[in-house]
Amino acid sequence: MNQPLRIAIIGAGVIGAVHARLISGLGDRATLAAVVDIDPTRAKTLADRYGVPAYASAAEAYTAQRLDLASVCVPSAYHSPVAVEALEAGLNVIIEKPVDVTLDAADRIIAAEKKSGRTVSVISQRRFQPVASYIHEAIARGELGRVTSGTVESAFFRSQAYYDSGDWRGTIAIDGGGALMNQGIHALDLLIWMLGTPVSVVAHTRCLAHQNIEVEDVAGALISFESGAVGVLLASTAAYPGLPVRLAVHGAGGTAVMENDRLAYFSSTTATAPEAATLTERDVPEGWSEVDMAHQRQYRDVLEAITQGRRPGVTTAEGRRALQTVLAVYESARTGQPVALSN
Ligand SMILES: NC(=O)c1ccc[n+]([C@@H]2O[C@H](COP(=O)([O-])OP(=O)(O)OC[C@H]3O[C@@H](n4cnc5c(N)ncnc54)[C@H](O)[C@@H]3O)[C@@H](O)[C@H]2O)c1
């Protein structure tokens, strides 16, 4: 049997703590071996919870231990330097979304990935929800016919206290954007996964309900896809009290709707609707959500990709595509013009 892969979490903040919990449930496939944070108290607090060593820099951890995988959980604009450092040290890498906040930074990750030959995946855990996978497969099986349109809504709410809770939140330089770059990118990635390559974008963004942030709290976009399909996107952090992500995909032969982590509607000229109960997670541990389960499923995918030498379910190219589309939304909103995406 393979030895468990040894994982270092880089960044012991909100999502770093979630990763630690996800890893602790991976059984004998993987083990948390190190926690790194430039804030030593944060590193130690999380490391102590799992009885592993804490380090104040990734370099220290890579020197001290043999590690297989780094999970990059630092603020968004630091993803590329931290991921490149891990790749140069010979580790495989999981990067939290967004891949980074500029295309140049994403390209530096992709170049280091190619040079190293290691596995790199960008988190987009909603793709691993059973209902999202089902809709993706139904499209591939032709059950919706020619896909003609899709809509996604990420109508969330984040309080002013959320933006005030970290000096990087809501900044252009480090968060890279607002309701779309940070939150709505999950839903946007689902739309791209379902509808294919985006080719142009027309968009509006606004900041309407928060103070002292440099980014949007509402973004609306019309996205045209290579296939001809049309997508409609809403991303907000100003939609009190916040609703679950909703995705609808329509085709000439059917429609599928995901809402509240469930298959809310399915109709096809060629296929019968699945039992909704078969598309929900079973055995969700106490205190976990459906989305946590999907996040852990993506970990399993990456571990399998590493051991089998196959591509992970979400590649860096796909992370870059989602980022490129977010940046096109921002450019269109700024210029008032449609923006073509170069492919
Ligand atoms: N997939 C999801 O659902 C999800 C949810 C939340 C956050 N995220 C992403 O995770 C990332 C982190 O978000 P967060 O909310 O956990 O932020 P956070 O501010 O709570 O935590 C970030 C941590 O990184 C540390 N850090 C900064 N630079 C570092 C470095 N060079 N080396 C080591 N540690 C460093 C900080 O001290 C801090 O403890 C963001 O990119 C965010 O978009 C993803």
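1. Domains. The domain assignment of this predicted model gives two parts. Domain 1 covers 5-125, and domain 2 covers 129-284 + 316-340. Their C-alpha centres lie 26 Å apart.

2. Where the domains touch. Contacts link 15 residues of domain 1 with 18 residues of domain 2. On the domain 1 side, helix 5 (103-116) and strand 6 (120-122) are the elements that give two or more residues. Helix 5 has the largest share there, with five residues. By class, this side of domain 1 divides into eleven nonpolar, two polar and two charged residues.

3. Overall fold. The protein has ten helices and 14 strands. Its radius of gyration is 20 Å, and the globule rule gives 20 Å for 343 residues, so the protein is as compact as a globular protein of that length. The C-alpha trace spans about 55 × 50 × 40 Å along its principal axes. Of the 343 residues, 48% count as buried. Take the contacts between residues at least 6 apart in sequence: 70% of these join residues at least 24 apart.

4. The ligand shell. Which residues come closest to the ligand? They are Gly11, Gly13, Val14, Ile15 and Glu96, out of 25 residues that surround the ligand. Helix 1 (residues 14-24) supplies the largest share of this shell, three residues. By class, the shell holds 13 nonpolar, seven polar and five charged residues.

5. Helix 1, buried side. Besides its share of the ligand shell, helix 1 has a set of buried residues: Gly16, His19, Ala20, Leu22 and Ile23. These cover an arc of only 165° around the axis, which puts them on the same side of helix 1. The cover over them includes two helices, helix 2 (40-50) and helix 9 (290-308). It also includes strand 1 (5-10), strand 2 (30-36) and strand 4 (69-72).

6. Helix 4, buried side. What is buried in helix 4 (residues 79-88)? The buried residues are His79, Ser80, Val82, Ala83, Ala86 and Leu87. Seen down the axis, they fall within an arc of 165°, so they line one face of the helix. Strand 1 and strand 4 are among the elements that cover them. Both strands also help to cover the buried residues of helix 1. The cover on helix 4 further includes helix 3 (58-64), strand 5 (92-95) and helix 5. Helix 5 thus appears twice in this note: it covers helix 4, and it gives five residues to the side of domain 1 that touches domain 2.

7. After helix 4. Check the backbone at Gly90. This residue sits just after helix 4 and takes a positive phi of about 90°.

8. Glu143. This residue is found in the loop between helix 6 (130-140) and strand 7 (147-155). Is Glu143 buried or exposed? Glu143 is buried, because 20 other C-beta atoms lie within 10 Å, and 20 or more is the cut-off for a buried residue. Leaving aside neighbours within four places in sequence, its contacts are Ala138, Gly254, Ser268, Thr270 and Ala271. Ser236 is another matter: it lies 93 residues from Glu143 along the chain, and 31 Å separates their C-alpha atoms.

Conventions
Residues are numbered from 1 along each chain as its sequence is written. This is a predicted model: local features need pLDDT of at least 70, side-chain atom pairs count only at pLDDT 80 or more; totals for chains, interfaces and linings use all residues. Helices (H or I, at least four residues) and strands (E, at least two) are DSSP runs, numbered from the N terminus. The radius of gyration is taken over C-alpha atoms; the globule rule is 2.2 Å times the number of residues to the power 0.38. A residue is buried if 20 or more other C-beta atoms lie within 10 Å of its own, exposed if 12 or fewer, and partly exposed in between; C-beta atoms are placed from the backbone. Two residues are in contact if their C-beta atoms, placed from the backbone, lie within 7 Å. A residue is near a molecule or strand if its C-beta atom, placed from the backbone, lies within 6 Å of it. Ala, Val, Leu, Ile, Met, Phe, Trp, Tyr, Cys and Pro count as nonpolar, Asp, Glu, Lys and Arg as charged, and the others, Gly among them, as polar. The arc is that of the directions from the helix axis to the C-beta atoms. Domain bounds come from an automatic or database domain assignment.
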